[in-house]
Amino acid sequence: MIATSAPGRVNLIGEHTDYNAGFVLPTPIPQRTRVELEPRADHRVVVSSDQLGECRAYELGGERRTGGWIDYVQGCTFAARTAGHRLAGADLRISSDVPVGSGLSSSAALEIAVLRALREANALAIDDVALALLGQRAENELVGAPVGAMDQLVASVGAPGAALFIDMRTLETRAVPLPDADLVVIASGIQHDHASGGYRIRRAECEAAAHQLGVRALRDLELADLPRIAQLPEPLGRRVRHVVTENARVLAAVDAIDRRDLGRLGELLRESHASLRDDYEVSIPPIDVLVELAIAHPEIWGARLTGGGFGGSIVALARSGRGAAVARVIIEEYARRTGHVGQVLLAGQVPCVPS
C-alpha cells in the first residue's frame, strides 16, 4: 500500500493575484488530506471517501465531469494521462480534516495527495512544481474551476512553519519564516465554490481589463498606473486597482515579516480586506463582521478575508500565545451578531510538522 498526504493552506495575503501572474504569500496548515493507494491490474479507478461514506469508480481514459467530488480525482488522472504519463488502475481511499468550502484549499490538498500517490505507484518522473501544475490543470480542465496555481504550489512545495512567497509568473518561490505571533483562522460557516459564480466572473473581468489596457496580465501594471486604471469602465477599474495594490501589499508584507514588524503586517492585512470588500467585491456581510470583530480586539494586529471569497474564512494575526483565547471571544460575538456558527480552524503558531 502507498500512503501520501498534502496540507491545506491559509493565504496570508495576495488574493486574486495568482491568476493575474502576480505575487502571493500562503502558508501550509496542519490539516491534511490523506490518500491510501492499492495498485490494480486493470484500468479501473475505485475511490472511497471516509468523510462522505461514498465510493465511486471510473475507467482511465473515461474521465468525464459529473459535478461531484470524484471529479477532483478524475481530474488528476486526466491531467497526468494527457501530459503523457502512463497510469495503471488503483483503489484509492481518501480521508481529510481540511474543511471543505472554508477557503483553506481542500481541493488542492486532495489533488496533490492523489497525484503524489499516482507518482509513487507509477514511478512517474514529475518534480514537485510540475505536480502542482498538474493539479491546477485537473481543476481547470475537468472540474471546471478557473483557479490559479497558488493552492497547488503551496500544497506541493510549501514548508510548515514558513510562508511561501510565490512569483506566479516565474513560479520562483522563497520560504519566509513566520514571525513570533499566532495565526488565527476562523471559518464563517458559509461555504464557497470556485467552480461557480463570482470567482469565474472576477477572472473574466481581469482578462477583459488586461485586454483593454494592452497588457499580457495585470501583473504588468504598477502603482504609477493607477490614474490610467481609474479611466476604465466600472467595475473593471476597481478590479484592477485591487490586483495592483494587492501585489504591492504582498511585497510589503514580505518585507514586514523579514523585519519582524508585526504592526505594519497587521496594517497590510486590514488594507487587503478593505480592498477585497470594496474594490473586488468578494466579501460578504458575515465575513466583514468577523474581520471587524477581530481587528477591534486589542490582541490582534490585523485580519482579512482569506481564500476566493463569497464565504469561507478569515485569517488574523494575534499576539503570541493569545490566539486561542481571542478566537473564542470572536466566534461567540459573531454568533450573537449574525446567527452563524463560526469554527476556529487554527489558533496558534503553525507547527513545523514533517509532511
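Helix 1 buries Ile70, Asp71, Val73, Gln74, Gly75, Cys76, Thr77, Ala79 and Ala80 in this predicted model. These buried residues pack against three strands, namely strand 3 (44-49), strand 4 (54-59) and strand 5 (90-96), and against helix 2 (106-122) and helix 3 (128-143). Helix 1 itself covers residues 70-82, which makes 13 residues. From first C-alpha to last it reaches 18 Å, close to the 18 Å expected at 1.5 Å a residue. Just after helix 1 comes Gly84, with a positive phi of about 100 degrees.

**The sheet**

Four strands form an open sheet, and their pairing is antiparallel. The order is 9-10-8-11. Strands of a sheet pair through backbone hydrogen bonds, either parallel or antiparallel. Strand 9 and strand 11 stand at the edges. Each has a single partner strand, so one side of each is left without a neighbour in the sheet. From one strand to the next, the twist averages 15 degrees.

| Strand of the sheet | Residues |
|---|---|
| Strand 8 | residues 181-187 |
| Strand 9 | residues 300-306 |
| Strand 10 | residues 313-319 |
| Strand 11 | residues 343-348 |

Strand 8 pairs with strand 11 over five bridges, in the antiparallel sense. Ala187 has its bridge partner in strand 11, at Gln343. Helix 8 (residues 262-278) packs on this sheet. Helix 8 touches strand 8, strand 9 and strand 10. The direction of helix 8 makes about 30 degrees with that of strand 9.

**Helix 5 against helix 7**

Two packed helices are described by the angle between their axes and the distance between the axes. For helix 5 (residues 198-213) and helix 7, the angle is about 95 degrees and the axes are 9 Å apart. Helix 5 is therefore roughly perpendicular to helix 7. On the helix 5 side, the contact is made by Arg202, Glu205, Cys206, Ala208, Ala209, Gln212 and Leu213. Helix 7 supplies Leu236, Arg239, Val240 and Val243. By class, the contact has seven nonpolar, one polar and three charged residues.

Leu236 belongs to helix 7 (residues 236-258). Why does Leu236 count as buried? Its relative accessibility is 10%, and the cut-off for buried is under 20%. Leaving aside residues up to four places away in sequence, Leu236 touches Glu205, Ala208, Ala209 and Gln212. Leu236 and Arg202 lie 34 residues apart in sequence, but 9.3 Å apart in space, C-alpha to C-alpha.

Note on methods. Residues numbered from 1 in each chain as written. Predicted model: local features only at pLDDT ≥ 70, side-chain atom pairs only at ≥ 80, totals over all residues. Heavy atoms only, no water. Helix = DSSP H or I, 4+ residues; strand = E, 2+ residues; numbered from the N terminus. Buried < 20%, exposed > 50% of the residue type's maximum accessible area, 1.4 Å probe, protein only. Contact = heavy atoms within 4.5 Å. Axes fitted to C-alpha atoms, helices over the stretch in contact; angles between N-to-C directions. Parallel < 35°, antiparallel > 145°, perpendicular 65-115°, else oblique. Nonpolar A, V, L, I, M, F, W, Y, C, P; charged D, E, K, R; others polar. Pairing = 2+ DSSP bridges. Expected span 1.5 Å × (residues − 1).
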